[in-house]
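User: Please take a close look at one helix in the second chain, the one with the strong change of direction. Build up to it from the chain as a whole, then show me what lies around it.

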Amino acid sequence: MSEAPPVIDLDGLGVRFGRHQVLDDLRGAFSGRAIGLLGPNGAGKTTLLNTLLGFYRPTAGTARLFGMDITAQGRELRRQVGYMPERDAFIAGISGVRFVRLMAEVSGLPPEAALERAHEVFFYVGLGEARYRNVETYSLGMKQLLKLAQAIAHGPSLLFLDEPTNGLDPPARLRMLRLIREIRDSGKARIVVSSHLLRDVEECCEEVLVLNRGRIATYCNLAEERRANRRFLELDLAAEREGAGSGFRAAIEGLGCEVAVVNRRRIKAVLPPGVEVRHIYASAIQQDVTIRRLDYKRTSLEDIFLQAMEGDDGRL
Amino acid sequence: MAVYDHGYKGYDGPLMPARSRFLVISRYGLRDVFASRLFLAFFAFCFAWPLVLLGAMYLRYNAEALALINLDSADLLEFVQVNTWFFQNLFLRAQLYLAFIVVLVVGPSLVSADLRNRAMPLYLSRPLTRTDYVLGKLVVLGVLVSAITWAPGLLLFAIQASLGGREWLLEHWRVAPSMVVVSVVWLLCMSLPMLAIAAWVKWKPWARIVFMGAILTGTAFGSFYKEFYDSWLGSLVVAFDVTDALSASVFGTQGTVQMPEAAAWLAAAALASLSAALLYRRVRAFEVVK
C-alpha cells in the first residue's frame, strides 16, 4: 500500500517581493494533524500561508499540499482548503448565515446543502443565535468565529488558520482553541495554525515550524517531544528512615533508570523503555520513601522557540 | 454536523461544476440588487418606454383600436416609421441612457464593499479565479443592462416582424444583431470602467462621483478640442460620441458624429482593455508592497 503524501511538502520554496526576499529556500515535509507556524512578526508566516493558498506565486522552488503542486493544481487544491484570514474579512450588508452560505456555494456546494451546512456551522462555532444578524454588527470575537465558520462550511480537508485568537478575550480564546482541537481530533481536517502566540500553538499543534526572517529556524515535533519529555522525572522525597533515600535511588537504578541527585531530597531520573511511573512508586513503597512531588520535566515550546531564535544569529 | 450534534463533520456530498461557479456570485449580486425597492421601481420604469413603443407599433397595425381613440391610421403610419432609425435612436439610444444610470447605481456596490471589507481572500481561497470573480460581477450588470436594452429590443423586433411581414424582415434583418452588438459593446465600455473605479476608490458615492466626473470631464475636454481645433479627435474622449459612431457603424446608418469608424472601435477597445487591466490589478487577495 502506498504511503499517503505529506500534508505540506516544501521543496526549496522561495518568495521575493521586488528586492525583498520574504521566504528563502524552505524545505521539509510535514504530516501532523495540526501544524503550527511560529515566528516573530515579519518572519514570513502569513506569506507562507498565502503562498500555499496560491495568493503569491513562488519565485523559487515549489510546494505541494497532499501531493498536489500549489501552482499547477491550485484550483483543485483550493477545493479542499478552508482559510481563516488574520484580519477582518466579510461581505457587507448580509446576514451571517447568508454570508457563510455564499462562501459554501462558491466552494461548490449546491444551494440547499450550502444553506444546511451554514446553519450547522453556526451552531457548531456557537453563533447559532446570531446567524440572522448583519455581519457588520458582530463583535470582534463573533467575527473571529464567523471567519472560522466560513472556513469550515464546505468541510475542507485542510484548514489554514491565520492568528485565530487575535483580539479575543480569554474565554473566547479558550473557546476558539477548543474548537480547533475538536476539529483536529475529529480527523476530518488537517490544520495549519499560524500564530505568534506560543501557548496557542502549543495547545493545538503536533508539529511546529519556527520561521525567522523567511527561513526555517527550527522544526519541532511537539507530540514526540512530549512523549520524550515524559521520560524525564524530577522527584522530591521525604525519607522515613536513615538511608532510605539512597536505597530508593539504588532501587530505581536497578530498574534501569539513569539517576542524578540534585540534593538530599531531590533526584532526577530518566525512565528507560518499559519502566513506568508505577514502578517508581512501587520502589518508593518498598524503600519506605514518600514521594512528595513528581514532575515530568517538559521542554516548553518557549525553550524551543528561544533556542531557535538564538541559533539564528542570536537576534530576536 | 446536524444542528443537534455539535461535532465537526466534513462534507462528502455532490459539488456543482467548477466552470459555472462564477454564477453563484452573479446570483447573489442580483438578489442584493433587487432587495432595494427603490431600484426595483426604477428598473420597472425602464420598461415604460419600450411599452410605449410597443403600443405605437400595435396601434399602427390595428385600425379598430385607432378608430376607438379617434386617430387616423395614415397619420400614425406617417408619424411612427418602424425602421432602423426607430430601433437605433428611438428605442436603443433612450434605453442606453437608462442603462447608464443602472450601471452608475449598481456597479460600485458590486465590488467596492468586497474590497473595503477585505473579502477577496475569502473568495480567492476557494476554487475561484480573479477572472471568475470579475465575470461574476460583470454578469450582474450584463443581465440588468440586457434586460432593458437588447432583450426588449429583440422582442419589439420580433413583434414588428410578425406585424410587418416577410418583406419588412428581409429589409431590416440587420437591426436585431446590431442591437445586441451595440448593447454588449456599450455594456463593456461602461461597466468595466465603473467596476475599475469602484475597485480603486472602494467607496460607492465617491466611485459614482469619479465616474461621472470622468465622463463629464471627457465630454467637456473633447467638445472644447473639437470646437477649438475643428478636429474629430476630441470625440475620442466623449463617451456618447464614441457610442454614436459605433452605433452608426453597426447599424449601417449615417452617424451624427464625424469620426472614423475604426477610431471609435479603437477608443472603445482601449477603454475596455485599460479598465479591465486596472480592475484586474485591484482584484487580488492581498496587495504586494514591493
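Analyst: Read from start to end, chain B runs α-α-α-α-α-α-α-α-α-α-α-α-α. That comes to 13 helices and zero strands. The model is predicted. The mean pLDDT of chain B is 91, and 94% of its residues reach 70 or more. Confidence within chain B is highest in helix α2 (residues 37–45), at a mean of 97. It is lowest in helix α5 (residues 73–79), at 68. For the model as a whole, ipTM is 0.87 and pTM is 0.84.

Next, the overall form of chain B. Its C-alpha trace spans about 75 × 60 × 35 Å along the principal axes. Chain B has 290 residues, and 38% of them count as buried. Now take the contacts in chain B with a separation of 6 or more: 71% of these join residues 24 or more positions apart.

Now the helix itself. α9 of chain B covers residues 150–172. How far apart should the ends of a straight helix of 23 residues be? At 1.5 Å a residue, the span would be 33 Å. The end C-alpha atoms of α9(B) span only 16 Å. Where does α9(B) bend? The place is Gly165(B), and the bend there is about 130°.

Which residues of α9(B) are buried? They are Trp150(B), Pro152(B), Gly153(B), Leu156(B), Phe157(B) and Gln160(B). The buried residues of α9(B) have four helices of chain B as packing partners: α3 (48–60), α6 (84–116), α8 (130–148) and α10 (175–201).

For contrast, take another helix of chain B. α11(B) covers residues 204–229, which is 26 residues. Its expected span is 38 Å at 1.5 Å a residue. Its end C-alpha atoms are 37 Å apart, so the expected span and the model agree. In α11(B), the buried residues are Ala207(B), Arg208(B), Phe211(B) and Gly222(B). The buried residues of α11(B) pack against α6, α10 and α12 (239–251) of chain B. Both α6 and α10 are also on the list of partners for α9(B).

After α11(B) comes Asp230(B), with a positive phi near 50°. Most residues other than glycine have a negative phi. Arg118(B) also has a positive phi, of about 55°, although it is not a glycine. Arg118(B) sits in the loop between α6 and α7 (120–124) of chain B. Is Arg118(B) buried, partly exposed or exposed? It has 16 C-beta neighbours inside 10 Å, so Arg118(B) counts as partly exposed.

Now turn to the partner chain. Chain A has 11 helices and 14 strands. Its C-alpha atoms fill a box of roughly 80 × 50 × 45 Å along the principal axes. Of its 316 residues, 44% count as buried. Residues 24 or more positions apart make up 67% of the contacts in chain A with a separation of 6 or more. The domain assignment splits chain A into domain 1 (8–226) and domain 2 (231–296). The centres of these two domains of chain A, taken over C-alpha atoms, are 45 Å apart.

How do the two chains meet? In this model, 43 residues of chain A are in contact with 34 residues of chain B. Several elements of chain A each supply at least two residues to the side that touches chain B: α2 (74–78), β6 (81–84), α3 (96–106), α4 (111–125), α5 (140–152) and α6 (170–186). α4(A) gives the most, with seven residues. By class, this side of chain A has 22 nonpolar, 11 polar and 10 charged residues.

Two loop residues of chain A round off the picture. Gly187(A) is in the loop between α6 and β8 (190–195) of chain A. Gly187(A) counts as exposed because it has 10 C-beta neighbours inside 10 Å. Ser157(A) is 30 residues away along the chain, yet its C-alpha atom is 9.1 Å from that of Gly187(A). The other residue is Arg213(A), in the loop between β9 (207–212) and β10 (215–221) of chain A. Arg213(A) is not a glycine, but its phi is positive, about 50°. With 17 other C-beta atoms within 10 Å, Arg213(A) is partly exposed.

Conventions. Residues numbered from 1 in each chain as written. Chains lettered and ligands numbered in written order. Predicted model: local features only at pLDDT ≥ 70, side-chain atom pairs only at ≥ 80, totals over all residues. Expected span 1.5 Å × (residues − 1). Bend = angle between axes of the 7 residues up to and from the residue. Buried ≥ 20, exposed ≤ 12 C-beta atoms within 10 Å, placed from the backbone. Contact = placed C-beta atoms within 7 Å. Domains from an automatic or database assignment. pLDDT = per-residue confidence, 0-100. Nonpolar A, V, L, I, M, F, W, Y, C, P; charged D, E, K, R; others polar.
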